Amino acid sequence: MLNVPSQSFPGPSSQQRVASGGRSKVPLKQGRSLMDWIRMTKSGKDLTGLKGRLIEVTEEELKKHNKKDDCWICIRGFVYNVSPYMEYHPGGEDELMRAAGSDGTDLFDQVHRWVNYESMLKECLVGRMAVKPAVPKGLLSKTQVTDTLTKEGLNSPSYDWFQTDSSVTIVIYTKQKDISLDSVIVDHQGDSFRAETIIKDYSYLVHIALSHEVEEDFSVRVVENVGKIEIILKKKEHTSWKCLGLPLERHNLLTPKKDAGLYYRKCQLVSKEDVTHDTKLFCLMLPPCTHLQVPIGQHVYLKVTITGTEIVKPYTPVSYSLLSEFQKPVPPNNKYIYFLIKIYPAGLLTPKLDHLQIGDFVSVSGPEGNFKKSKLQELEDLFLVAAGTGFTPMVKILNYALSNVLSLRKLKLMFFNKTEDDIIWRSQLEKLACKDKRFDVEYILSAPTSEWNGKQGQISPALLSEFLKRSVENSRVLLCICGPTPFTEQGIELLHDLCFSKEEIYSFTA
Ligand code: FAD
Ligand code: NAP
């Protein structure tokens, strides 16, 4: 099915080579890719050694299974026999053995909390832990919440509701001033209503089975100066509601964002346009009953089922174009999300995305990432250093900075690619540079043809120091860098050598 090259996996260009925190991945033996693992899970082999039986596992029992050839790990209360998976794990056997015979949830979450192990390891499921912890991971008690929030200078959020003849308004009081329309994600399907508000590093959930039916569409308003969010639902019948509804999972709870879990909604593919020989602009439409705006510099996860296994990877939404004259008329309520996606013919997920037909559905998570647009306020110089699709987070940053940061004198993009054909949106970048004198773009090619008379090579001190000239001495500056992990890591080191402080650098990493 896949034409897998003979080199070791992950391939040199795979973002799976290095995980967060610069943890290097080990090369896997041939025939041990994720796709090979998926095939193995479909082979009908007894991967648990229990012939399909599910058992209750005590802590004592779990501890006994701590060897490579007999290795059980508990993840989120479920116990898996991971011995058959050892050779397929991109982090290597030693990494997996760190959790042997114990609860590996934290370890797995630290590396890639978005990877759906429940789906990847379902054929290795031994059973559940006999005793579940009283408070599920991530949920804080009321006192813990109050203590933590006080320490961080936050107030506990709350919600309320009121009604008129034709509408029900759910009001969320965040008691924070930096709240905007992208701080809240609303989904309602049938009678289930879910509003997740992101408050600093926390997620506050209002999750209710509504007592009466409402129309599909709704509106969201934010009163920024008091941090109040209003979600206005239209009643289907003009009757008076006695109660809003019944609480659902995690309702009215504040959870550290890293523990909150990802919620997906199905989005429809509206269009797919060629941008370069291998990169396409995908447009997905949110369901009518969803309010979701991805903040600048943040990404979402796309989830696709490949031969029965859920595969999840991150992608950074972009705007439709860099130039206002190419902007499509904005549909009501920002219902479209655009992605620039490079298709790797031997990759796992992107060929599947490439084969999607208009009208097909893809699951899209809520936003993740630490970038805050407040970083761009008051800037005088903004330098963007991108390699390949590492350009994607720069798109919205570029658009926002040129239109909203009044103090900006200079915005430079240093764009590394292999060849001229790989440069994404080259003509738009050049038109933008002509149109706005503050903006300048420089391409550096690592494998140019002989006709290329621009810059060439890889990221280096010489290229960076020539490029990073401030508009005035000691200007307020930010430098954003994104690309393959080794590129970004090398760039950060070089930037420190060039005396950019930690606060002046923002790196986009896995
Ligand atoms: P993979 O399976 O990861 O393969 C990638 C490469 O490895 C290919 O060259 C493939 O040929 C090679 N390979 C695969 N299997 C083997 C094997 N067995 N042996 C040898 N080589 C092999 N990408 C975008 O295009 N747009 C974005 O907006 C974007 N945003 C991102 C945001 C974040 C925060 C991060 C971390 C990554 C982002 N990426 C983005 C990258 C994206 O998440 C995927 O990593 C990328 O699309 C590749 O996925 P894949 O499953 O198709 O390829
Ligand atoms: P690519 O075409 O393979 O490479 C683009 C340029 O980067 C080339 O000039 C290449 O030079 C250079 N490069 C690659 N690896 C390098 C290294 N180790 N050291 C120095 N230069 C290097 O890139 P791509 O396939 O588009 O991949 C883009 C990467 O960006 C992916 O890994 C993706 O995961 C990541 N990404 C991250 C985010 C995020 O937010 N974190 C967002 C989008 C994309 P050579 O020809 O010499 O290799």
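**Exercise 1. The surroundings of ligand 2**

Which of the 23 residues around ligand 2 come nearest? Describe the shell and the polar contacts in this predicted model.

*Solution.*

Step 1. The residues that come nearest to ligand 2 are Lys342, Tyr344, Thr389, Ser446 and Gln458, out of 23 around it.

Step 2. Consider the polar contacts, for which the cut-off is 3.5 Å between N or O atoms. The side chain of lysine 342 places a polar atom 2.8 Å from an oxygen atom of ligand 2. For tyrosine 344, a side-chain N or O atom is 2.7 Å from an oxygen atom of the ligand. Asparagine 417 takes part through its backbone, with an N or O atom 3.1 Å from a ligand oxygen atom.

Step 3. Consider how far the ligand is covered. Ligand 2 taken alone exposes 930 Å², and the protein buries 81% of that area.

Step 4. Sort the shell by residue class and by element. The shell holds eight nonpolar, 13 polar and two charged residues. Both β27 (410–417) and α11 (485–497) supply at least two residues of the shell. The largest share, three residues, comes from α11.

**Exercise 2. Helix α8**

Determine the span of helix α8 (residues 392–404), and decide whether it is largely enclosed or open.

*Solution.*

Step 1. Helix α8 has 13 residues, and the distance from its first C-alpha to its last is 19 Å. At 1.5 Å a residue, 18 Å is expected, and the span found is close to that value.

Step 2. Apply the burial criterion, which is under 20% relative accessible area. Among the residues of α8 that meet it are Thr392, Pro393, Met394, Val395, Lys396 and Ile397. Leu398, Asn399, Tyr400, Ala401 and Leu402 are also buried.

Step 3. Because eleven of its 13 residues are buried, α8 is largely enclosed by the rest of the structure.

**Exercise 3. Aromatic pairs**

How many aromatic pairs does a search of the whole structure find? Classify two of them and state the burial of their members.

*Solution.*

Step 1. The search finds twelve aromatic pairs.

Step 2. Phenylalanine 108 and tyrosine 117 form one pair, with 4.5 Å from centre to centre and 85° between the planes, and the pair is edge-to-face. Phenylalanine 108 counts as buried because its relative accessibility is 5%. Tyrosine 117 is likewise buried, at 6%.

Step 3. The ring centres of tyrosine 336 and tyrosine 338 lie 6.5 Å apart with their planes at 90°, so this pair is edge-to-face. Tyrosine 336 has 30% relative accessibility and counts as partly exposed, whereas tyrosine 338, at 10%, counts as buried.

Step 4. Trp37, Tyr85 and Tyr88 form one aromatic cluster.

**Exercise 4. Positive phi outside glycine**

Locate arginine 76 and tryptophan 425, and compare their backbone angles with the general expectation.

*Solution.*

Step 1. Recall the expectation: most residues other than glycine have a negative phi.

Step 2. Arginine 76 has a positive phi, near 50°. It sits in the loop between β5 (70–75) and β6 (78–81). With a relative accessibility of 35%, arginine 76 counts as partly exposed.

Step 3. Tryptophan 425 also has a positive phi, of about 55°, although it is not a glycine. Its place is in the loop between β27 and α9 (426–435). At 9% relative accessibility, tryptophan 425 counts as buried.

How values were computed: Residues numbered from 1 in each chain as written. Chains lettered and ligands numbered in written order. Predicted model: local features only at pLDDT ≥ 70, side-chain atom pairs only at ≥ 80, totals over all residues. Heavy atoms only, no water. Near = heavy atom within 4 Å. Polar contact = N/O pair within 3.5 Å; in protein donor to acceptor, adjacent residues only side chain to side chain. Areas by Shrake-Rupley, 256 points an atom, 1.4 Å probe, with all protein chains shown as cover. Helix = DSSP H or I, 4+ residues; strand = E, 2+ residues; numbered from the N terminus. Nonpolar A, V, L, I, M, F, W, Y, C, P; charged D, E, K, R; others polar. Expected span 1.5 Å × (residues − 1). Buried < 20%, exposed > 50% of the residue type's maximum accessible area, 1.4 Å probe, protein only. Phe/Tyr/Trp six-rings, centres within 6.5 Å; stacked < 30°, edge-to-face > 60°.
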